[in-house]
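I am opening a page on a structure that is new to me, and I mean to go from the whole fold down to single strand pairs. These are my notes in the order in which I looked things up.

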Amino acid sequence: EDMIPDNYELGKSYPNPFNPITNIQYGIPEADFINLSVYDINGKLIEILDQGNKVAGYYTIVWNAQYVPSGTYFIRFSTSTYNATQKVSLIK
């Protein structure tokens, strides 16, 4: 089992669709400043799930969306050299 990824990666959220909790995984191959945020379909920032300087490794963040309405949301993961976005669906 590799404890440090070879590349930056944003894993698939699970479960997806979800109600109201989903797990989001990401990995960074070197120490870096990261931002993991949720946006609604209109691009409005809903919540910052994780932000700050992280050491290389794999991380799992839990998003509890009990206070937001059903709909489509975008998980955005960014570092100094990498950006990725994925779509998740909240069904209540």
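The entries below begin with the ground rules and then turn to the fold.

**Ground rules.** I note that this is a predicted model, in which local features need pLDDT of at least 70 and side-chain atom pairs count only at pLDDT 80 or more, while totals for chains, interfaces and linings use all residues. I number residues from 1 along each chain as its sequence is written, and I keep in mind that side-chain values use heavy atoms, with hydrogens and water left out.

**Whole chain.** I looked up the elements first and found 0 helices and 7 strands in the protein, where helices (H or I, at least four residues) and strands (E, at least two) are DSSP runs numbered from the N terminus. The radius of gyration is 13 Å, close to the 12 Å that the globule rule gives for 92 residues, so the protein is as compact as a globular protein of that length; this radius is taken over C-alpha atoms, and the rule is 2.2 Å times the number of residues to the power 0.38. I also wrote down that the C-alpha trace spans about 35 × 25 × 15 Å along its principal axes.

**Cover.** I find that buried residues make up 40% of the 92 residues, with buried meaning under 20% relative accessible area, exposed over 50%, and partly exposed in between (1.4 Å probe, protein chains only). Strand β3, residues 32–40, is mostly covered, since 7 of its 9 residues are buried.

**The open sheet.** I traced an open sheet of 3 strands in the order β1-β2-β5, with antiparallel pairing; two strands pair if DSSP finds at least two bridges between them. β1 (9–10) and β5 (57–64) stand at the edges with a single partner strand each, so one side of each is left without a neighbour in the sheet. β1 pairs with β2 (residues 21–28) over 2 bridges, and I noted that Glu 9 has Gly 27 in β2 as its bridge partner.

**Around β3.** Which strands does β3 pair with? I found that 8 bridges join β3 to the antiparallel strand β4, residues 45–54, and that 6 bridges link β3 in the antiparallel sense to β6, residues 71–78. On the β4 side, Asp 32 has Lys 54 as its bridge partner, whereas on the β6 side Tyr 39 is partnered by Phe 74. I last checked the hairpin of β3 and β4, which has 4 residues between the strands, and there Gly 43 takes a positive phi near 90 degrees.
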